[in-house]
Amino acid sequence: MKNFIELIRGCLQDVREIMPWDLAERRQENPDLLIVDVREPHEFAAMHIAGSLSVPRGILESACEWEYEETVPDLVRARQRELVVVCRSGYRSVLAANALLILGFSDVASLRTGLRGWKDDERPLVDAVGAAVDLDAADLYFSPQLRADQMRPKDWRRAP
């Protein structure tokens, strides 16, 4: 049985990752680059990279195909475009990038460190109405906020 991180590592055999400064450079070099943000709608509304396309991870596979209620035409048409998939930390984006590669997208990368790393590199973020997000205020959003019931019990052992 694999755990979450082992699943991510397995996908990284096929998925290319880029750092935030590489994404900034790619955007300048390729104005046709599409940033696909796979976080949930409320996460996207809170803050995102300007110009990115919101396609939640839960509907990604049907969003990139015609004739589904979840179809996102800009994504369906992007099979030959350079795509960079982003999420909060860089984990969901690896899973999503892997799915896009399996579905025939030709030039896909995942943003390593996610939007947290983008913010740490002092790159701009905007909110739902396009207003700039204060990067210092964004620290709270990117800080882990685990409840007690989400923590590993002291007596928990992983099954063999």
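Two strands count as paired when DSSP finds at least two bridges between them. Keep that in mind for the exercises below, which all work on a predicted model.

**Exercise 1. Strand β4 and its neighbours**

Task: Find which strand β4 joins through four bridges, running parallel, and the bridge partner of D37.

Solution:
- Step 1. Strand β2, residues 34–37, is joined to β4 by four bridges, and the two run parallel. With a requirement of at least two bridges, β2 and β4 are a pair.
- Step 2. Looking at one contact in this pairing, D37 has V86 of β4 as its bridge partner.
- Step 3. On to strand β5, residues 107–111: β4 pairs with β5 in the parallel sense, again over four bridges. Here V85 has S110 of β5 as its bridge partner.
- Step 4. Add helix α6, and β4, α6 and β5 together make a right-handed β-α-β unit.

**Exercise 2. The faces of β4**

Task: Work out how many residues of β4 are buried, and which residues lie on each side.

Solution:
- Step 1. The cut-off to apply is a relative accessible area under 20% for buried.
- Step 2. By that cut-off, five of the five residues in β4 are buried, and the strand is mostly covered.
- Step 3. Now sort them by side: E82, V84 and V86 are on one, L83 and V85 on the other, and both faces are covered.
- Step 4. Take E82 as a check: its relative accessible area is 9%, so E82 is buried.

**Exercise 3. A charged residue in β4**

Task: Identify the residue that forms a salt bridge with E82, and say where in the chain the two partners lie.

Solution:
- Step 1. Side chains of opposite charge can pair when their charged atoms come close.
- Step 2. R26 is the partner of E82, with 2.8 Å between the closest N and O atoms.
- Step 3. R26 belongs to helix α2 (residues 20–29) and E82 to strand β4, so this salt bridge ties together parts that are 56 residues apart in sequence.
- Step 4. Compare the surroundings: R26 is partly exposed at 24% relative accessibility, whereas E82 is buried at 9%.
- Step 5. Widen the view, and R26, E29 and E82 turn out to be linked in a network of salt bridges. The structure holds 14 salt bridges.

**Exercise 4. Two further salt bridges**

Task: Describe the salt bridge between K119 and D139, then the one between D121 and R123.

Solution:
- Step 1. In the K119–D139 salt bridge, the closest N and O atoms are 2.4 Å apart.
- Step 2. This pair links distant parts of the chain, with K119 in helix α7 (residues 114–120) and D139 in helix α8 (residues 135–142), 20 residues apart.
- Step 3. K119 is buried at 8% relative accessibility, while D139 is partly exposed at 35%.
- Step 4. For D121 and R123, the N to O distance is 2.9 Å. D121 is partly exposed at 26%, and R123 is partly exposed at 25%.

**Exercise 5. Aromatic pairs**

Task: Count the aromatic pairs and classify the one formed by F4 and Y91.

Solution:
- Step 1. The count comes to two aromatic pairs.
- Step 2. For F4 and Y91, the centres are 5.7 Å apart and the planes stand at 90 degrees. An angle over 60 degrees counts as edge-to-face, and that is the class of this pair.
- Step 3. F4 is in helix α1 (residues 4–11) and Y91 is in the loop between β4 and α6, 87 residues apart.
- Step 4. Y141 and F142 have ring centres 4.8 Å apart and planes at 85 degrees, so this pair is edge-to-face too. F142 is buried, at 5% relative accessibility.

Note on methods: Residues are numbered from 1 along each chain as its sequence is written. This is a predicted model: local features need pLDDT of at least 70, side-chain atom pairs count only at pLDDT 80 or more; totals for chains, interfaces and linings use all residues. Side-chain values use heavy atoms; hydrogens and water are left out. Rings of Phe, Tyr and Trp (its six-membered ring) pair if their centres lie within 6.5 Å; planes under 30 degrees apart count as stacked, over 60 as edge-to-face and the rest as tilted. Buried means under 20% relative accessible area, exposed over 50%, partly exposed in between (1.4 Å probe, protein chains only). A salt bridge is a side-chain nitrogen of Lys or Arg within 4 Å of a carboxyl oxygen of Asp or Glu. A crossover is right-handed if, with the strands pointing away from the viewer, the path from the first strand over the helix to the second runs clockwise.
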